[in-house]
2 protein chains.
Amino acid sequence: MTYCVAIKLNEGLVFCSDSRTNAGPDRVSTYSKLHRFSIHGDRQLMMVTAGNLATSQAVVAQIERDLKEDAEFNLRKASYVADIADYVGSLSLREQGKHRGGAVGGGFNAEATFILGGQIKGGDPELYMIYPEGNHITASEQYPFLQIGETKYGKPILDRIIRPATPHETAMRCALVSLDSTMRSNATVGPPIELLFYPTDSLSNTSHYYKFEENDPYLVKLRHSWDENIRRAFNELPPLSLVFGADI
Amino acid sequence: MTYCVAIKLNEGLVFCSDSRTNAGPDRVSTYSKLHRFSIHGDRQLMMVTAGNLATSQAVVAQIERDLKEDAEFNLRKASYVADIADYVGSLSLREQGKHRGGAVGGGFNAEATFILGGQIKGGDPELYMIYPEGNHITASEQYPFLQIGETKYGKPILDRIIRPATPHETAMRCALVSLDSTMRSNATVGPPIELLFYPTDSLSNTSHYYKFEENDPYLVKLRHSWDENIRRAFNELPPLSLVFGADI
């Protein structure tokens, strides 16, 4: 399993992803799921992936090959991030199609889901989730985040904290908390955690990026504080004696 | 959708359930999903349900009919709660079987899931989750709770707080918070919320029970406090400047 979240703030784009993949219980590995394509001063694109690892690796490889071979459409030629989202969707569909019918027995699933975000000079930053069917959606205005993979455990804190005007440090911290809650409740989501902030209009890859290993001191501190603070938050809730009386 | 949670404490059993059901977007209704069977001084059984409403209603109706008609096996005759879990499983399977093949087109699903808990005189309180396939599991020793329906949003807080030695007031409050987080993140889980505590060895139905309507003053207060306390808990986390330096 996987869990990735991307946030579209007024200040820029935040990406956060885990690195665990598995192909059965004895094949648990770590792979980076955060990919970056940079043309300094002109365009910056970030992508996180969930689902079939072969499909997502093939899509990333094809994007790079098209760039290198200067294909008819490639990241350098696109005028809009939305066009790149279409392109990723069609690469993904093509790759899934190759393996359809090749499965011996049930349970094989070549589907992959992507979140693509970035900015092309002259345009605004954009953020899209690309479904296995190849179509895509943007983040909502009110709750400007997108999630892929094991999304539910980590959603409540994003619902509470993330808005377009949220400062980037807050949003990055919230993404880490969301990842950490998910790792606690689901063993198939695991470190390292990658965290990246792309500031609007920077058009460079000198942005804030950090990879947190399992025992990273900040991550340990964050986890410990969050556990303690949540317990205190919970203990300070109004007691049920307000409903049931003193004899509860 | 539905969300129900049941907790097995040293002090007794806690049940908490929402009341929203839907059969398509224009048929959203409220039904109690918390059922109680009481034979004072001898046995107390509580059950929450998720899944197909027709199946779960038919199972509850058959349990009541078997009791009334003093069937060969009924709640009064069982020696163990586990035998009643088997019985609920077989009633559920029988009911689902009636409607198999009756579906016009895909998408019909007669499956239902149950959590059954209670105590029979001379035995300990027991808690079981009964799958649509009719088999059942108990709660784990370390994390003594079971959930059915839309379970993921509300699981992290249970993971953090609920242990066998947790006081019942704390566990009841935690169940409410878990329900409320779920309602916030999923519109198909909705009030009223029912909350019940069965104290070990009481063998009576004079236990703590409360139904919270949407605008119940305690629920509004709890929701408001939780939102405020979570924000404070979040704001007091170590800042990311510890990782990125002061220029973040």
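So, aromatic pairs: over all chains, this structure holds 10 of them. Rings of Phe, Tyr and Trp (its six-membered ring) pair if their centres lie within 6.5 Å; planes under 30 degrees apart count as stacked, over 60 as edge-to-face, and the rest as tilted. Quick housekeeping: this is a predicted model, where local features need pLDDT of at least 70 and side-chain atom pairs count only at pLDDT 80 or more, while totals for chains, interfaces and linings use all residues. Residues are numbered from 1 along each chain as its sequence is written, chains are lettered from A and ligands numbered from 1 in the order in which they are written, and side-chain values use heavy atoms, leaving out hydrogens and water.

Okay, have a look at Phe73(A) and Tyr87(A). Their rings are 4.9 Å apart, centre to centre, with 50° between the planes, a tilted pair. Phe73(A) sits in the loop between helix H1 (53-68) and helix H2 (81-99) of chain A, and Tyr87(A) is in helix H2 of chain A, 14 residues apart. Helices here are DSSP runs (H or I, at least four residues), and strands are too (E, at least two), numbered from the N terminus.

Are these two rings buried or exposed? Buried means under 20% relative accessible area, exposed means over 50%, and partly exposed is in between, using a 1.4 Å probe and protein chains only. Phe73(A) has 28% relative accessibility, so it counts as partly exposed. Tyr87(A) has 8%, so that one is buried.

Next pair: Phe212(A) and Tyr218(A) have ring centres 6.1 Å apart and planes at 40°, so this pair is tilted. Phe212(A) is buried at 0%, and Tyr218(A) is buried at 5%. Both belong to one aromatic cluster with Tyr210(A) and Phe244(B).

There are charges over rings as well. That takes NZ of Lys or CZ of Arg within 6 Å of the ring centre and within 35 degrees of the ring normal. Arg173(A) lies over the face of Phe234(B), 4.8 Å from the ring centre. Swap the chain letters, and Arg173(B) has its charged end over the ring of Phe234(A), 4.8 Å from the centre.

How do the chains relate? Superposing by least squares on C-alpha atoms of residues with pLDDT of at least 70 in both, chain A lands on chain B with an RMSD of 0.0 Å, after a turn of 180° and a shift of 0.0 Å along the axis. The copies are therefore related as by a two-fold rotation axis. In chain A, the C-alpha nearest that axis belongs to Tyr153(A), 2.5 Å away.
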